[in-house]
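Subject: Structure for your files

Hello,

Here is the structure we spoke about. Please keep it together with the notes underneath.

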Amino acid sequence: MADIQETVFDGEVAEYHEQSLVARDGLTRFIIDNVDAHPEVVDLEAAWLDCMHDNGFPDLEEGYHPIYYAGDLYFDEDIYSPNDPRFADTKAAEIVLAQTDADCNREVGLDDTRTDIFWTVVEEYFHQFEVQLFTWTETVSQANLRAQNMLAE
């Protein structure tokens, strides 16, 4: 595998991994750090949480996503199979949770705002690391060509 990587990346595997850190991991970290921490998102998440509390989920905690809460519905009741007679009631509770989450999200505009901020942050990152991203793209393109040639042989 290492020999193939050396050939595909023309002896520059380490450079590829360094570029990948900027292109993939760096972008992911930048998005997480700048979208979730954005003051408007923080305010809307608080408004969303208030809405969830007002609509039947007073024990939902800040930063605790409903998908985890939904899992806890089953875990807390020791339900691990759809054959469990309590499964249908718990599934109904999960659906109410999901509907309430969607309604509160829409009411406060959380996802729409988060999406707008996401694209602003992505654009900022692309401008900041434009050279590195184009270099990574070129490296990947060349590696793909070399890999295709290897497969054709």
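The notes below cover the cores, the main pocket and one threonine.

This is a predicted model, in which local features need pLDDT of at least 70 and side-chain atom pairs count only at pLDDT 80 or more, while totals for chains, interfaces and linings use all residues. Residues are numbered from 1 along each chain as its sequence is written, and side-chain values use heavy atoms, leaving out hydrogens and water.

The largest nonpolar core (buried Ala, Val, Leu, Ile, Met, Phe, Trp, Tyr and Cys joined through side-chain atoms within 4.5 Å; buried means under 20% relative accessible area, 1.4 Å probe, protein chains only) has 25 residues, and Trp48, Met52 and Leu60 touch the most other members. Two or more residues each come from α2 (13-35), α3 (39-54), α4 (66-76), α5 (87-108) and α6 (110-128) (helices are DSSP runs of H or I, at least four residues). Another core, of five residues, lies apart from it and includes Val8 and Phe9.

The largest pocket (an open set of 1 Å grid points where a 1.4 Å probe fits, with protein on both sides within 12 Å along at least five of seven lines; lining residues have an atom within 4 Å of a point) has a volume of about 350 Å³. Among its 16 lining residues, Glu45, Trp48, Gly63, Leu110 and Arg114 are the closest to the centre. Helix α3 gives the largest share of the lining, five residues.

Thr113, in helix α6, counts as buried because its relative accessibility is 16%. Beyond four places in sequence, Thr113 is in contact (heavy atoms within 4.5 Å) with Glu40 and Leu44.

Regards

Definitions and conventions: Buried < 20%, exposed > 50% of the residue type's maximum accessible area, 1.4 Å probe, protein only. Points joined across faces, edges and corners; volume = space filled by probe spheres on them.
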